[in-house]
Amino acid sequence: MRKGYRTEKRFLVVMLSLMMASSSISICAAEETTTETAVITTQQKSETSTEITTAKKKEVKKKKQKVKKEKNKQKYKEEKKSKKKKSDKKKKGKDNEKEKKKSKKVIKMPKRVIKKKGCISIQKRIDHKKELIERAKKTKKNIKIRIRKETEKKDSLNAFYNKNDQEVEYQGQLITPLTKLNEKDKEMRDDLLNLSDLYQDTQLAEIATKYVFGLHESNFESVMNPEDTINLNDYLKTKYAEPVERMENEIQKIDEKIQSLKSEIQTEKKTRYFDPKDVSSISNITVDDAKQMLSGTELYQDAASFVKAERLYHVNAVFLMGIAAHESAWGTSRRAREDNNLTGYGVYSDDAEGINKDSREDGLLATANTLHERYLTKGGSYYEGTSVADVNKHYCIGDEWAPAVVNYGYQLMNKLN
C-alpha cells in the first residue's frame with residue numbers, strides 16, 4: 001500500500017463525513033425553517049385575533065363611555081332643574097311669607113257702625129212723596145171721569161145716528177111760523193137736546209130748537225135758502241169725535257208714577273248703613289240722601305253716580321264718597337278736574353297716569369267695579385277681607401288712608417238728620 005493511500009483515504013473519509021454533516025445540517029435547517037415559519041404563522045394569527053378582540057373591546061368601552069356620558073349629562077340636567085325648582089320654591093315661599101306678613105299687618109281704623117232711620121229730612125221726603133201720590137190719584141180720577149163722559153158722548157152720538165139713519169146728510173132749515181113739525185121732527189129735536197145736555201153745548205141746544213131736520217125729499221136742498229140751513233152732520237162729527245186713547249195713555253203714565261213713588265217710599269224707609277268692617281254691604285243711600293250729604297262740595301254733582309255705583313257693583317256708597325272726599329279733596333284736585341279721577345285709583349305718584357275716563361261717572365264706576373272684583377270678592381287678586389283696612393293694604397301705600405276714609409264716611413253720615 002502506497003504511503004500516501006491512507007492520507008487520501010482519510011481525506012475521503014473526512015470529506016464524506018463533511019458532506020453527511022452538511023446534509024444533516026441542511027435538513028435540520030430546513031426543519032428549523034419550517035418550524036419557525038409555522039410558529040410565525042401561528043403568532044401572526046394569534047396577533048390578528050388579539051387585535052380584533054382589542055378593537056371590539058375598545059368599541060364596547062367607547063360605547064359604554066358614551067352612554068355613561070349621556071347619563072351623566074341627563075343627571076346634571078335633572079339636578080340643575082331640581083335645584084332651580086327648589087330655588088323657585090324657596091323664592092316663592094319667601095314671597096308668600098312676605099305677602100302673609102303684609103296681610104297680617106294690622107291697620108288701625110275706627111270700627112263704629114252708623115245707622116240712620118226715620119231722620120227728619122227722610123220723613124219729610126216720605127210725606128212729600130205721599131202727597132204726590134194723592135195728587136196723582138186725583139188727576140187719574142178726573143181723567144177717568146172725562147173718559148167716561150167722552151165714551152158716553154160717543155155712544156150717544158152713535159145711537160143718535162143709528163136711530164136717525166146716518167147715511168142721510170142732516171141738512172136743517174130754520175123753523176118759521178109756517179113750518180109744521182111731525183112726530184119724527186119732535187123726537188129728533190128731543191134727541192138733540194139730550195145730546196146738548198150731555199155735551200153741555202148751548203149751541204147745539206139752540207140748533208135743536210131753531211132748525212128742523214129729517215126732511216128727506218130729493219128736491220129739499222134746492223128749495224132751501226143756503227143762509228137759512230145748517231149741516232148737522234158736519235157740526236157733530238167735527239166737534240165731538242174726540243178719541244179717548246190719549247187720556248188712557250195719561251192714566252198709564254200716572255199709574256207708573258204712583259208705583260215709582262211707592263217704591264221710593266219703601267226705599268226711604270230702609271235704614272241707612274255704614275260699617276267700616278264690611279264695605280261690601282249696601283248703604284241704602286238714595287240720590288236725595290247723597291245730595292244732602294254732599295251739599296256745599298264739588299262732589300254734589302256726582303250724587304247720583306255714587307248711588308248708581310253701589311247699585312251696579314255692590315260697593316257701599318258712603319265708602320265710595322269717603323274715598324272721593326279723601327283722594328280728590330272733595331272733587332277739587334287736579335286729577336278730578338283734568339282726568340275725571342275722583343278716587344285717585346292708579347295714582348301712585350305725581351307722574352302716574354291713573355284712570356282717565358270721558359266723564360266723572362265713568363271714572364267712579366270703573367273704580368267701583370275694580371273694588372268689587374279684585375278687593376271685595378273672595379279669590380280676587382287683592383282680596384284681604386271686606387273692611388276699609390283690608391282694602392287699604394293694596395289700594396294705597398301707608399296706614400293713614402283707611403282711618404281718613406272712615407272718618408270722612410262718618411262726617412257724611414252725620415249730615416243725615
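Which helix holds Ser156? Ser156 is found in helix H2, which covers residues 120-163. Keep in mind that the model you are looking at is predicted.

Start with the whole chain. The protein chain contains 14 helices and five strands. It has 417 residues, and 34% of them are buried. Now look at how the chain meets itself. Take the contacts between residues at least 6 apart in sequence: 70% of these join residues at least 24 apart.

Go back to Ser156. Is Ser156 buried, partly exposed or exposed? Its relative accessible area is 25%, so Ser156 is partly exposed. Buried would need a value under 20%. Next, find its partners. Set aside the neighbours within four places in sequence, and Ser156 is in contact with Leu195 and Leu198. Asn194 is also worth finding. Ser156 and Asn194 are separated by 38 residues in sequence, and their C-alpha atoms are 9.1 Å apart in space.

Now turn to the interior. In soluble globular proteins, nonpolar side chains tend to be buried together. The largest nonpolar core in this model has 45 residues. Which of them have the most contacts inside it? They are Phe319, Leu371, Val388 and Trp401. Several helices give two or more residues to this core: H8 (287-294), H9 (303-313), H10 (317-328), H12 (360-375), H13 (388-395) and H14 (401-413).

Phe319 is a good residue to follow. Leave out its neighbours within four places in sequence. Phe319 is then in contact with Leu371, Val388 and Trp401. Its other partners are Phe274, Val279, Val391 and Val405. Apart from this core lies another, of 16 residues. Phe160, Tyr161, Ile207 and Ala208 are among its members.

Finish with a pair of helices, H9 and H12. Two packed helices are described by the angle between their axes and the distance between the axes. For H9 and H12, the angle is about 30 degrees and the axes are 9 Å apart. Why do these helices count as roughly parallel? Angles under 35 degrees count as roughly parallel, and H9 and H12 pack at about 30 degrees. The two helices are therefore roughly parallel to each other. The crossing of H9 with H12 is right-handed.

Which residues make the contact? H9 brings Ser305, Phe306, Lys308, Ala309, Leu312 and Tyr313. H12 brings Glu361, Leu364, Leu365, Ala368, Asn369 and His372. Sort the residues of this contact by type, and seven are nonpolar, three are polar and two are charged.

How values were computed. Residues numbered from 1 in each chain as written. Predicted model: local features only at pLDDT ≥ 70, side-chain atom pairs only at ≥ 80, totals over all residues. Heavy atoms only, no water. Helix = DSSP H or I, 4+ residues; strand = E, 2+ residues; numbered from the N terminus. Buried < 20%, exposed > 50% of the residue type's maximum accessible area, 1.4 Å probe, protein only. Contact = heavy atoms within 4.5 Å. Core = buried A, V, L, I, M, F, W, Y, C linked by side-chain atoms within 4.5 Å. Axes fitted to C-alpha atoms, helices over the stretch in contact; angles between N-to-C directions. Parallel < 35°, antiparallel > 145°, perpendicular 65-115°, else oblique. Left-handed = near helix turned anticlockwise from the far one by under 90°. Nonpolar A, V, L, I, M, F, W, Y, C, P; charged D, E, K, R; others polar.
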